[in-house]
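Reader: Hi! Could you walk me through this one before I set anything up?
Author: Happy to, let's look together.

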Amino acid sequence: MSKSLLIISRQAPWSGPGARETLDIVLAGGAYDLPIGLLFLDDGVFQLFAEQAPKALQQKDLTANLQALPLFGIEALYCCAHSLGERGLGQTPLALPAELLDTSALQALLARYDQVITL
Amino acid sequence: MKFAIALFAAPHQPAARRALRFAQAALADGHEIVRLFFYQDGVHSASSSVVSSQDELDLTAEWRTFVKAHNLDGVVCIAAALRRGVLDTDEATRYGRTAASIEAPWVLSGLGQLHEAVQEADRLICFGGP
């Protein structure tokens with residue numbers, strides 16, 4: 001049986017190539033049909049909002065890559081509720097169907113996966 | 001135990017040194033390293049273009065010596081490396097660049113190599129990152 005891998009994405013989409021490169025790990029894993037989970041934590045939660053304007057920063061839009069997640073078979077999407085609240089985003093609708101997790105649910109999630117990458 | 005080691009930090013960052021010391025200690029204790037995978041700024045830690053002062057640790061040289069001595073599988077992510085100007089001679093030729101800084105024992109390859117290592121290893125140990 002394949003080992004499960006949880007990828008924790010902690011960077012805002014405008015902070016450099018980090019968020020995109022983290023997502024690339026997820027999509028590559030999906031292409032190999034591996035059991036991959038993706039957790040948006042800390043500034044990583046900013047990736048979950050629609051109406052981003054990356055063109056103003058001469059950057060490519062990450063939204064299209066994020067929307068490709070279900071096509072790559074990545075359906076285990078999670079978001080840290082505390083990180084959203086800290087950034088005043090608790091009430092804003094998310095652009096992806098990510099499950100909101102509180103602190104104890106986060107601990108359970110981490111325990112459930114065989115391997116973890118945090119970026 | 002079988003370890004996969006991922007490095008996300010450039011050679012001047014403490015995590016790059018810690019990764020090397022961990023890898024050395026793992027082998028010294030009789031463990032196996034199934035693969036080293038350098039990603040994000042970690043690609044610079046495989047670069048042969050890094051120049052250190054004579055009285056400073058030359059981490060990229062030490063990594064190279066270590067990987068060669070133990071015949072390890074040292075993989076540098078090609079997409080992350082190209083983005084950061086870290087090329088081997090093939091890629092330098094392909095994109096018309098004058099400098100190549102990835103040479104044996106390092107090889108450029110894709111993210112599939114990271115996933116394969118994750119599957120093979122008992123533990124994935126990551127160094128560096130935000």
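What follows is a chat about the helices, strands, cysteines and backbone of this predicted model.

Reader: Great. How many disulfides turn up over all chains?
Author: Zero, from a search of the whole structure.

Reader: Why is there no bond at Cys80(A)?
Author: The closest cysteine sulfur belongs to Cys79(A) and is 6.8 Å away, which is too far for a bond. A pair would have to be within 2.5 Å to count as a disulfide. Cys80(A) is also buried, at 4% relative accessibility.

Reader: And which cysteine sulfur is closest to that of Cys77(B)?
Author: That of Cys126(B), but the two are 14 Å apart, too far for a bond. Cys77(B) counts as buried too, with 2% relative accessibility.

Reader: Thanks. Where does Cys77(B) sit, and what about the faces of that strand?
Author: Cys77(B) belongs to strand β3 of chain B, residues 74-77, and both faces of the strand are covered. Gly74(B) and Val76(B) are buried on one side, Val75(B) and Cys77(B) on the other.
In a regular strand, side chains alternate between the two faces of the sheet.

Reader: Which strands does β3(B) pair with?
Author: β2(B) pairs with β3(B) in the parallel sense over three bridges, and Phe38(B) stands opposite Val76(B). β4(B), residues 106-109, also runs parallel to β3(B), joined by four bridges. There, Trp106(B) is the bridge partner of Gly74(B).

Reader: What's the handedness of the unit made by β2(B), α2(B) and β3(B)?
Author: That β-α-β unit is right-handed.

Reader: Okay, helices. How does the span of α1(B) compare with the expected one?
Author: α1(B) covers residues 14-28, and its 15 residues reach 21 Å from first C-alpha to last, close to the 21 Å expected. Its buried residues are Ala15(B), Ala16(B), Ala19(B), Leu20(B), Ala23(B) and Ala26(B). Seen down the helix axis, they fall within an arc of 145°, so they line one face.

Reader: Why would that spacing in sequence give one face?
Author: An α-helix has 3.6 residues a turn, so residues three or four places apart point the same way.

Reader: Nice. What do the buried residues of α1(B) pack against?
Author: Against β1, β2, α2 and β5 of chain B. After the helix comes Gly30(B), with a positive phi near 90°.

Reader: And α1 of chain A, mostly covered or mostly uncovered?
Author: Mostly covered, with 12 of its 14 residues buried. Among them are Arg20(A), Glu21(A), Leu23(A) and Ile25(A). The end C-alpha atoms of this helix are 20 Å apart, which agrees with the 20 Å that 14 residues should span.

Reader: What does the covering there?
Author: The cover includes β1, β2, α2 and β5 from its own chain, together with α3 and α5 of chain B.

Reader: Let's zoom in on α3(B). What does Ala80(B) touch?
Author: Ala80(B) lies in α3(B), residues 78-83. Leaving aside residues up to four places away in sequence, Ala80(B) touches Glu21(A), Tyr39(B), Gln40(B) and Val43(B). Its relative accessible area is 0%, so Ala80(B) is buried.

Reader: Back to chain A for a sec. Which face of β5(A) is covered?
Author: The one with Gln115(A) and Ile117(A); Val116(A) and Thr118(A) are on the uncovered face. β5(A) pairs with β1(A) in the parallel sense, over four bridges. Gln115(A) is the bridge partner of Leu5(A).

Reader: Last topic, backbone oddities. Which peptide bond is cis?
Author: The one from Ala104(B) to Pro105(B) is cis, with omega near 10°. Pro105(B) is in the loop between α4 and β4 of chain B.
Most peptide bonds are trans, and most residues other than glycine have a negative phi.

Reader: What about the phi of Asp42(A) and Gln58(A)?
Author: Asp42(A) has a positive phi of about 50° without being a glycine, and Gln58(A) likewise has a positive phi of about 50°. Asp42(A) lies in the loop between β2 and α2 of chain A, and Gln58(A) is found in the loop between β2 and α2 of chain A.

Reader: Is Gln58(A) buried or exposed?
Author: Exposed, with a relative accessible area of 69%. Asp42(A) is partly exposed, at 23%.

Notes. Residues are numbered from 1 along each chain as its sequence is written. Chains are lettered from A and ligands numbered from 1 in the order in which they are written. This is a predicted model: local features need pLDDT of at least 70, side-chain atom pairs count only at pLDDT 80 or more; totals for chains, interfaces and linings use all residues. Side-chain values use heavy atoms; hydrogens and water are left out. Buried means under 20% relative accessible area, exposed over 50%, partly exposed in between (1.4 Å probe, protein chains only). Helices (H or I, at least four residues) and strands (E, at least two) are DSSP runs, numbered from the N terminus. The expected span of a helix is 1.5 Å times one less than its number of residues. The arc is that of the directions from the helix axis to the C-beta atoms. Contact means heavy atoms within 4.5 Å. Two strands pair if DSSP finds at least two bridges between them. A crossover is right-handed if, with the strands pointing away from the viewer, the path from the first strand over the helix to the second runs clockwise.
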